[in-house]
Protein chains: 4
Amino acid sequence: MSKQKIYNDPVYGFITIPTPLVAALIAHPFFQRLRNIKQLGLTHYVYPGALHTRFHHALGAMHLTMQAIETLRSKGVAINDDEAEALIIAVLLHDMGHGPFSHALENAIVQGVQHEWLSLRFMQHLNLLHNGKLQMAMDIFMDVYPKKFLHQLVSGQLDMDRLDYLNRDSFFTGVTEGVVSSDRIIKMLDVYNDTLVVEQKGIYSVEKFITARRLMYWQVYLHKTVLAAENLLLQILKRARFLAFKGHTLFATPAFTYFLTQPVTQAFFEQDEVLQQFALLDDTDVFASVKVWCNSTDKVLALLCSSLVNRNLYKTTLQTAPIESGIVQQWQTKAVTVLGIKPDDAAYFAFAGTVANNAYQLSDENIHIMYKDGTLLDIAQASDNLNISVLAQPVVKHFLCLHRNLF
Amino acid sequence: MSKQKIYNDPVYGFITIPTPLVAALIAHPFFQRLRNIKQLGLTHYVYPGALHTRFHHALGAMHLTMQAIETLRSKGVAINDDEAEALIIAVLLHDMGHGPFSHALENAIVQGVQHEWLSLRFMQHLNLLHNGKLQMAMDIFMDVYPKKFLHQLVSGQLDMDRLDYLNRDSFFTGVTEGVVSSDRIIKMLDVYNDTLVVEQKGIYSVEKFITARRLMYWQVYLHKTVLAAENLLLQILKRARFLAFKGHTLFATPAFTYFLTQPVTQAFFEQDEVLQQFALLDDTDVFASVKVWCNSTDKVLALLCSSLVNRNLYKTTLQTAPIESGIVQQWQTKAVTVLGIKPDDAAYFAFAGTVANNAYQLSDENIHIMYKDGTLLDIAQASDNLNISVLAQPVVKHFLCLHRNLF
Amino acid sequence: MSKQKIYNDPVYGFITIPTPLVAALIAHPFFQRLRNIKQLGLTHYVYPGALHTRFHHALGAMHLTMQAIETLRSKGVAINDDEAEALIIAVLLHDMGHGPFSHALENAIVQGVQHEWLSLRFMQHLNLLHNGKLQMAMDIFMDVYPKKFLHQLVSGQLDMDRLDYLNRDSFFTGVTEGVVSSDRIIKMLDVYNDTLVVEQKGIYSVEKFITARRLMYWQVYLHKTVLAAENLLLQILKRARFLAFKGHTLFATPAFTYFLTQPVTQAFFEQDEVLQQFALLDDTDVFASVKVWCNSTDKVLALLCSSLVNRNLYKTTLQTAPIESGIVQQWQTKAVTVLGIKPDDAAYFAFAGTVANNAYQLSDENIHIMYKDGTLLDIAQASDNLNISVLAQPVVKHFLCLHRNLF
Amino acid sequence: MSKQKIYNDPVYGFITIPTPLVAALIAHPFFQRLRNIKQLGLTHYVYPGALHTRFHHALGAMHLTMQAIETLRSKGVAINDDEAEALIIAVLLHDMGHGPFSHALENAIVQGVQHEWLSLRFMQHLNLLHNGKLQMAMDIFMDVYPKKFLHQLVSGQLDMDRLDYLNRDSFFTGVTEGVVSSDRIIKMLDVYNDTLVVEQKGIYSVEKFITARRLMYWQVYLHKTVLAAENLLLQILKRARFLAFKGHTLFATPAFTYFLTQPVTQAFFEQDEVLQQFALLDDTDVFASVKVWCNSTDKVLALLCSSLVNRNLYKTTLQTAPIESGIVQQWQTKAVTVLGIKPDDAAYFAFAGTVANNAYQLSDENIHIMYKDGTLLDIAQASDNLNISVLAQPVVKHFLCLHRNLF
């Protein structure tokens with residue numbers, strides 16, 4: 001009788017855990033913590049269904065990887081069982097280094113420490129625990145494994161991570177236009193000269209994938225109200241850290257306190273103790289603390305926090321033209337008066353910034369279309385229309401966030 | 001240009017907020033707090049997608065109510081605009097009184113206080129705020145409004161709450177068999193002699209609804225691993241409260257501390273202060289605190305908490321026959337030895353209980369089928385087969401929970 | 001590079017053709033003809049989406065069979081590659097013997113010849129063509145192959161045919177309540193003592209499957225307007241055959257003429273020529289001819305045909321009580337007067353009949369639930385509630401069809 | 001009690017018929033005939049699910065129109081009840097003039113007669129029948145009604161016809177990337193200066209719509225195997241007509257014979273008799289006849305027909321570069337030898353052609369985006385990227401069809 005663990009997934013139906021090692025990795029607290037880290041942070045303030053976690057996403061990406069392995073093998077691509085398991089593990093753990101609300105946290109607290117680097121730190125730890133059995137997975141993850149196409153499935157323009165998150169984010173936000181036919185794209189994958197390629201007849205699906213990604217950027221990831229919420233949390237974390245460094249006592253869970261009150265650099269993370277503390281941190285530490293701070297004696301922190309908790313988000317403008325220099329200054333001046341705060345604190349309530357997106361990058365990790373005669377072309381050249389190369393140009397937008405109490 | 005607020009919903013597509021009063025109620029912190037209370041508590045430990053909140057469910061039930069109003073009006077049922085808004089509000093706010101993880105919380109902490117009663121307390125508060133504009137909604141909710149069928153849409157065998165939660169829970173768990181054709185059922189609704197009825201041709205959809213509900217009970221709501229997780233949290237809360245009453249200092253958010261350290265009765269809740277504190281409590285307070293308790297000096301609490309956080313749930317047996325009396329005692333004895341705990345504490349690690357489900361109740365709130373000749377029959381009699389009346393008999397199951405460290 | 005043929009399927013996503021022999025069978029005209037035979041005959045008169053063909057259904061059932069083989073093999077059930085291909089072929093071809101509008105046709109023309117028998121005749125023909133390579137498939141189909149569980153996947157209470165048609169019919173009619181989680185059921189399948197069984201935890205899915213099947217019967221297959229349309233076509237075919245046998249010349253395609261003008265018995269079908277003619281017949285022959293008959297000089301035929309073509313279907317009553325004997329006679333008398341037809345022809349315009357359905361049969365092909373301790377129970381006993389055994393009792397309903405010109 | 005007719009639709013759930021006049025139009029034989037005309041002709045040879053009919057599509061477009069009316073009215077756009085019904089009728093009947101397999105038929109038989117013109121002819125007939133009640137619908141259809149935006153909903157870059165067919169064709173083919181969020185687009189519609197516009201925030205949905213349309217062109221509508229099938233039918237019809245005009249007797253239904261044996265011009269269609277005959281013609285006449293022609297004494301016709309019936313379609317090349325002039329000649333020469341046909345008939349078996357697609361046309365019927373300040377911009381200018389204007393350039397592809405017996 002089968003003892004295979006199966007997860008229900010509203011996106012793909014069922015997800016099967018392929019091997020005992022994979023099951024053990026999923027059961028580890030490092031991985032279980034991802035159950036409490038939402039994939040899209042505060043996006044649920046705009047799309048209430050967007051509560052799916054990095055845990056579920058990692059399982060989904062693993063599932064697609066298993067499908068890709070099956071397709072590639074059926075086309076004669078050599079992937080032995082060890083490589084298959086290593087690839088699956090690399091995909092499963094690729095995002096493990098994410099902390100809660102990483103957009104805000106990475107800017108306010110763990111600045112300069114990439115989540116990929118933390119993922120690798122976690123993997124090293126798990127590798128020790130499992131007597132080196134994760135070495136090949138780490139090699140693939142770091143792109144030092146000889147078969148380069150395996151890394152391209154972990155991280156590339158058309159990797160299993162992207163295929164899953166586009167689908168999953170579309171599904172849970174309800175923005176159905178972002179749905180990608182991952183089935184179809186995966187069935188079109190092949191390997192040529194150790195490079196992951198897409199068969200010629202998959203070209204329209206790839207175009208669609210790139211367009212869907214772009215749509216998700218503007219409709220979801222960079223939605224102006226999502227930006228407003230994330231920037232509000234960012235300002236809260238900055239303020240809390242500022243207060244903590246000044247010696248102000250703030251209620252917070254021990255793990256959160258640990259990171260609020262120390263300088264957090266990559267060197268800092270080299271200590272095992274720090275990694276262990278980081279592994280204790282999730283969305284609930286941050287949000288439970290923010291709720292308490294609504295009653296902080298620090299007026300700035302209290303106002304910012306109650307704005308977040310009660311969804312009184314910044315009024316945000318998102319535009320193609322840069323924000324005129326004087327505008328921000330004017331609003332900050334107004335903030336001082338209206339809110340009765342110090343000039344130094346005005347930037348918490350009125351500020352500008354930029355966001356950028358390019359749906360496709362013309363880099364060495366591009367998407368290759370393989371023609372029946374064996375020719376390889378980059379999708380940007382292969383596409384009937386030039387729009388793909390246009391999509392490769394980054395779109396920069398400028399935003400202005402103003403606290404609603406200023407109106 | 002429209003200023004109507006629209007929510008994306010992966011279940012129904014779009015949900016439109018009908019009136020400014022409804023929009024104001026949704027914006028209130030009492031309602032916003034539901035964003036952080038999962039509809040299905042710890043069910044996501046079994047079905048990782050089940051992270052949807054009471055916020056989203058309330059919006060969904062409201063949406064179905066608007067559809068029902070439209071259908072009934074199109075059949076000539078008189079519902080004026082005030083009644084429509086009141087009905088919508090009654091449905092929207094009907095579950096507002098839920099706290100975090102209510103199954104566990106209501107058993108361990110706020111025992112004896114029904115969430116419906118708390119919903120009403122919240123409504124009273126909001127009614128004052130809005131100068132009595134919620135009176136009709138409250139009358140419908142309490143079933144003192146003359147048109148009785150309106151209350152039946154709020155609370156009955158076939159109410160909008162159930163229609164939404166079955167659909168939503170099916171959707172997010174991925175248990176597709178639980179999907180109910182709410183569209184079809186709503187289109188079949190009518191009112192006869194001030195009673196909500198279903199047209200004859202809707203009989204099979206109603207049968208399907210009752211079967212789906214039953215399936216969801218056993219497949220999801222009473223899934224043995226879900227029971228294991230909920231009972232684990234229940235034991236944690238009991239232990240924490242036990243320690244708190246003994247004077248043991250426990251880390252917790254202020255709002256959570258408030259409820260851990262005081263007797264929580266209905267009388268207690270009569271105080272406005274208590275309601276305000278309750279409104280501050282959500283899933284994050286509980287989970288963030290439980291995580292900290294993993295390092296408690298109380299061995300029992302620490303073990304229970306780390307079991308929950310690392311998903312080391314009770315090994316659970318669910319069976320039709322009662323658990324033999326000696327069995328629990330044997331396991332408790334073993335627990336004392338194996339875990340090195342006091343006999344008094346053994347019941348945290350080995351215990352038995354019962355769960356019950358009846359998919360349909362033969363009560364005065366039953367489902368009436370209206371025949372073309374005007375006859376009304378209860379669905380249990382109207383159904384071609386007798387299975388519905390069989391479904392009305394409650395199914396009781398007995399469970400045994402044993403901590404995994406005992407094996 | 002893969003040369004595997006892949007079909008797009010809105011129900012399952014993609015369907016892959018597993019072997020060259022299977023591909024060759026699909027390409028044969030005997031199988032291609034199924035592209036023009038709708039799975040649900042005239043049901044599209046009620047559910048306009050129900051246009052899916054026996055071709056698509058056969059591919060779908062094949063797809064599920066491949067999934068079942070994968071699941072069973074993963075649980076250690078021995079199925080070698082030859083058996084797998086034979087099973088797939090048996091499922092693929094099991095319905096090949098269906099003619100157009102088989103409900104009507106089998107009653108009016110090829111009475112007494114089962115479609116299973118015709119499927120076998122087709123298989124014999126294809127087996128000769130492929131030098132005996134279909135022998136094992138035929139053995140499985142006829143249940144003479146030693147591993148009995150293989151036949152149970154082709155034909156049984158829970159066979160791949162039923163799983164597919166319930167899903168497919170739900171999908172294309174839009175009656176979403178009929179959706180069966182074929183994925184989940186298949187994942188629960190196992191084999192015990194050469195018998196196909198369902199794991200204990202699959203019990204609710206099986207209950208749901210049986211309920212869904214029952215719902216589809218009353219909501220779709222035996223919908224009174226579907227009955228009206230099928231009975232109208234049945235009367236048309238009876239009349240056409242009556243006229244043809246009387247020597248009346250009727251426009252029809254040659255293949256259709258062949259069957260309208262000869263006695264069609266099983267013995268008749270033993271001739272290869274007859275099978276070849278039958279293979280030329282599909283929905284278009286029947287409908288194109290019926291359209292022409294709207295202008296027949298035979299008043300009865302013309303009226304019946306224009307009623308079908310213009311969707312002027314019988315007014316139909318479906319009830320639990322038998323139709324009172326005098327009623328039909330009264331309406332027939334009225335038909336003679338109102339329509340100006342001969343008394344002998346009145347039965348074309350007013351008649352009664354019965355339909356029956358039992359969602360589950362307590363036969364030797366029942367559904368076995370396997371408990372963890374190895375016990376096998378029939379689902380009717382295993383179910384918590386008795387409703388399954390109730391469902392096993394056939395429901396007979398009586399109908400009365402009256403031509404609308406009588407009102 | 002409601003007597004509103006409701007259709008089940010797997011795409012939208014339910015479609016309600018709004019008024020008795022609309023119900024009467026749907027019941028008319030002119031409209032009922034659409035039940036037997038597939039929306040996508042022979043596309044089901046590639047996508048077996050693509051069997052949906054023009055009947056279902058027309059109902060779907062009507063449904064979206066009702067949604068659009070509701071949205072526009074909620075934004076204060078004046079549409080009175082007469083206009084609403086007229087608009088609904090115009091959309092419902094806009095495609096009524098299509099015959100079976102129109103791509104092939106319009107090229108081979110009714111050349112030079114537009115289906116829109118035939119739709120209008122049908123409307124005129126129905127208008128007489130309903131005492132002029134369709135006049136406003138016809139005015140909207142012909143764009144002579146004062147409120148121009150109504151016509152834009154019937155026929156324009158973003159009309160209800162396109163929204164429905166993209167969704168419906170995606171749904172039934174299973175090419176899920178073509179799914180358009182019609183809900184979202186419709187919710188973004190508004191009217192400004194009597195012009196249909198899209199609100200600014202709908203820009204990405206419109207981009208997605210245009211990309212989806214382009215994808216559907218290459219993936220479905222102009223799929224090379226679909227081209228192969230349609231061109232094969234086109235050659236069959238040409239040959240049949242050629243033979244018929246030469247006096248060769250061909251089996252065909254009377255309605256089909258009528259059009260095979262006469263010159264079919266617009267003038268010809270001015271006769272009521274012709275329109276009545278045309279209304280009798282559907283897919284079954286054509287396919288049932290083609291099947292009979294497999295045994296024609298004309299070798300060319302017999303070979304072409306059996307190729308279609310048994311899905312032995314042209315081997316087709318689709319390319320950006322034009323087909324070299326000598327190639328076709330070479331293959332035609334080969335055809336004469338290999339197939340033993342006359343040189344004059346070689347073009348039935350080897351020929352070249354072109355297809356074109358532009359996903360968006362920069363015409364006066366373009367899509368306008370309305371900014372919050374009231375500015376209107378064409379989507380091609382409003383889009384962040386230039387790809388839309390690129391999409392407006394038609395893509396021409398060249399194809400070469402060669403009968404498989406030549407290989």
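Two strands are taken to pair if DSSP finds at least two bridges between them. The exercises below concern a predicted model.

**Exercise 1. Strand pairing in chain D**

Determine which residue of strand 9 of chain D stands opposite D:L318, and how many bridges join strand 5 of chain D to strand 9 of chain D.

*Solution.*
1. Strand 5 of chain D covers residues 315–319, and strand 9 of chain D covers residues 395–402.
2. Five bridges join these two strands, and their course is antiparallel. The pairing criterion asks for at least two bridges.
3. Within strand 9 of chain D, the residue opposite D:L318 is D:F399.
4. Strand 9 of chain D is also joined to strand 6 (residues 350–357) of chain D, by eight bridges and again in antiparallel fashion.
5. On that side, D:A352 stands opposite D:L400 of strand 9.

**Exercise 2. The domains of chain A**

Identify which helix of chain A gives the most residues to the side of domain 1 that touches domain 2.

*Solution.*
1. Chain A is divided into domain 1, spanning 6–221, and domain 2, made up of 224–356 + 400–406.
2. The centres of the two domains of chain A, taken over C-alpha atoms, are 30 Å apart.
3. Contact is made between 27 residues of domain 1 of chain A and 24 residues of domain 2 of chain A.
4. On the domain 1 side, helix 2 (29–32), helix 5 (102–108) and helix 6 (115–129) of chain A are the elements that give two or more residues.
5. Of the elements on this side, helix 5 of chain A gives the most, with five residues.
6. By class, this side of domain 1 of chain A has 16 nonpolar, eight polar and three charged residues.

**Exercise 3. The relation between chains A and B**

State what rotation superposes chain B on chain A, and with what shift along its axis.

*Solution.*
1. Superposing chain B on chain A takes a rotation of 180° with 0.0 Å of shift along the axis, at an RMSD of 0.0 Å.
2. This is therefore the relation of a two-fold axis.
3. In chain B, the C-alpha nearest the axis belongs to B:T284 and lies 2.3 Å from it.
4. Both copies use the same surface, as 100% of the contact residues of chain B recur in chain A.

**Exercise 4. The contact between chains D and B**

Specify which elements of chain D each supply at least two residues of its side touching chain B.

*Solution.*
1. In this contact, 10 residues of chain D meet 10 residues of chain B.
2. Strand 2 (13–16) and helix 10 (182–187) of chain D each supply at least two residues of the chain D side.
3. That side of chain D has three nonpolar, three polar and four charged residues.

Technical notes
Residues are numbered from 1 along each chain as its sequence is written. Chains are lettered from A and ligands numbered from 1 in the order in which they are written. This is a predicted model: local features need pLDDT of at least 70, side-chain atom pairs count only at pLDDT 80 or more; totals for chains, interfaces and linings use all residues. Two residues are in contact if their C-beta atoms, placed from the backbone, lie within 7 Å. Helices (H or I, at least four residues) and strands (E, at least two) are DSSP runs, numbered from the N terminus. Ala, Val, Leu, Ile, Met, Phe, Trp, Tyr, Cys and Pro count as nonpolar, Asp, Glu, Lys and Arg as charged, and the others, Gly among them, as polar. Domain bounds come from an automatic or database domain assignment. Copies are superposed by least squares on the C-alpha atoms of residues with pLDDT of at least 70 in both.
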